[in-house]
Each structure stands twice: as C-alpha cells, then as structure tokens.
Amino acid sequence: MTSEKTGGEGSAAGAAGGAGSGDGVGKAVGWAAVEEAVPEFAGQVQKRFGAYRHHVLATLRKDGAPRLTGLEADFRHGELWLGMMVGSRKALDLRRDPRFSLHANPGPGTDLAGGDVRVSGRAVEVTDAEVVARYAAAVRPPEPFHLFRAELTEVVRTYVEDPCLVLESWVPGRPLRTIRRTSDDAARQVE
C-alpha cells in the first residue's frame with residue numbers, strides 16, 4: 001500500500017461531506033484530510049494497515065445485522081480505497097447502507113506490533129470511468145470490480161505502552177484524543 005497525494009477527483013476537498021456543526025465535527029473526510037490534520041498518527045495507522053494485505057470489513061446486512069468479510073484496502077492518491085468483486089455481498093451492503101468499519105489485520109501472535117487499528121465512516125461508490133481506470137491501471141484488480149472511496153468519521157489506534165493501554169482516537173474537526181488506562185479504572189488519564 002502506498003500513499004500518493006494528487007489533486008482532482010478523490011482529493012480531500014472532494015471527499016468532505018456530511019452534516020455537522022460549523023466546527024467540522026460529524027463530517028466525513030477522505031484520507032488526505034486525516035494526513036493533514038494528524039500526520040504522525042495517520043502515518044502510524046497507514047503503516048499498520050500496510051503490514052498485511054487482507055483486513056476485516058464490517059458492513060450492515062439488509063436486516064441490520066453486522067457482516068464481517070475480508071478485504072484488501074489501498075491507500076493511494078490521498079484516499080483509502082476499498083475494491084471488491086462485482087455483486088459481492090459487502091458491495092451490495094455498502095450500496096444500500098454506506099456505513100462501515102475496517103479493522104487492520106492483527107497479524108500472528110498476540111503482541112499487536114504497531115498497535116490495533118480501525119477506521120470507520122461511509123463508503124462512496126466511485127463510478128467515474130476515468131478514476132476507476134486510473135485505479136485499475138495502478139492496482140490491476142480482477143475486473144470488473146466495484147470501487148469505493150472511504151469517507152472517514154473516526155480513526156482509532158490502540159497499543160500497549162507499559163503499564164498502560166493507550167487509545168488514540170481522531171474524528172474530523174477535533175484534535176487527537178489520547179486515553180491511557182491500566183487495569184485500575186481510577187488510573188485513567190485523558191490527554
């Protein structure tokens with residue numbers, strides 16, 4: 001997975017959307033906006049996703065129940081892209097209800113090197129033939145395929161910094177929030 005910053009369709013400015021107050025809270029943004037707002041944090045999250053090829057996507061079934069499926073995610077052109085087979089259940093779920101969460105593959109063992117990472121938001125299907133062709137030329141996915149651009153509402157990283165469990169959380173329009181916890185809730189510290 002690579003990150004390439006380019007303008008045009010798929011840029012952060014084009015990806016911002018959603019309702020919210022004038023402070024930007026509640027909006028959904030493209031990956032470039034995360035990189036701009038919290039660059040070090042974004043780099044850690046992207047590196048964690050880059051450690052493995054396959055991740056776990058959560059979508060909502062027609063009846064509202066969660067569906068978990070495997071997915072390859074790709075950071076490219078300042079966006080987080082979700083590609084999937086035509087007619088797949090996850091693609092149909094996202095067409096009906098674009099809300100999703102994507103959890104980075106935790107890898108082998110229990111050490112969670114690099115932390116435990118997930119992003120949440122809305123998946124917007126990309127139908128612009130030029131954008132789809134540019135993506136296909138770079139990634140070479142099996143064709144035909146559905147392509148979705150992630151508009152993020154939350155990015156979370158959890159890791160251990162002995163003796164604490166550290167939870168970092170970012171939402172558009174707010175600063176990065178860090179919570180340090182031990183097994184004693186009274187020791188909880190919010191930064």
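Two strands count as paired when DSSP finds at least two bridges between them. Helices (H or I, at least four residues) and strands (E, at least two) are DSSP runs, numbered from the N terminus.

Before you start clicking: this is a predicted model, in which local features need pLDDT of at least 70 and side-chain atom pairs count only at pLDDT 80 or more, while totals for chains, interfaces and linings use all residues. Residues are numbered from 1 along each chain as its sequence is written, and side-chain values use heavy atoms, with hydrogens and water left out.

**Stop 1: the whole chain**

Colour by secondary structure and you should find 5 helices and 9 strands. Walking from the N terminus, the order is α-α-α-β-β-β-α-β-β-α-β-β-β-β. Of the 191 residues, 43% count as buried (under 20% relative accessible area with a 1.4 Å probe, protein chains only; exposed is over 50%, and partly exposed lies in between).

**Stop 2: strand β4**

Select 99–103, which is β4. F100 and L102 sit on its covered face, whereas R99, S101 and H103 make up the uncovered one. In a regular strand the side chains alternate between the two faces of the sheet.

Now add the neighbouring strands. β1 (residues 54–60) pairs with β4 in the antiparallel sense over 3 bridges, and β5 is also antiparallel to β4, joined to it by 5 bridges. Centre the view on H103: its bridge partner in β1 is V56, and in β5 H103 stands opposite R118.

**Stop 3: F100 and the largest core**

Stay on β4 and pick F100. Beyond its neighbours within four places in sequence, F100 is in contact (heavy atoms within 4.5 Å) with residues including L57, L82, L94, V119 and L152.

Next, show the largest nonpolar core, meaning a set of buried Ala, Val, Leu, Ile, Met, Phe, Trp, Tyr and Cys residues joined through side-chain atoms within 4.5 Å. This core has 29 residues, and V34, L80, L82, F100, L102, V119 and L152 touch the most other members. Among the elements that each supply at least two of its residues are α2 (31–37), α3 (39–50), β3 (79–85) and β6 (145–161). A second, separate core of 8 residues includes W81, V126, F145 and L147. In soluble globular proteins, nonpolar side chains tend to be buried together.

**Stop 4: helix α4**

Select 89–96 for α4. Which of its residues are buried? They are K90, A91, D93 and L94. Looking down the axis of α4, these buried residues fall within an arc of 160° (taken from the directions from the helix axis to the C-beta atoms), so they line one face of the helix. The cover over them includes β1, β2, β3, β4, β5 and β6. On the face turned away from the buried side, look for the exposed R89 and R95.

**Stop 5: aromatic rings**

Finally, show the rings of Phe, Tyr and Trp (its six-membered ring), which pair if their centres lie within 6.5 Å; planes under 30 degrees apart count as stacked, over 60 as edge-to-face and the rest as tilted. The whole structure holds 4 such pairs. W31 and F75 are edge-to-face, 4.8 Å centre to centre with 65° between the planes. That pair links W31 in helix α2 to F75 in strand β2, 44 residues apart, and both residues are buried. Y135 and F145 have ring centres 6.1 Å apart and planes at 45°, so this pair is tilted. Y135 lies in helix α5 (residues 129–139) and F145 in strand β6. To finish, select W31, F49 and F75 together: ring pairs link them into a cluster.
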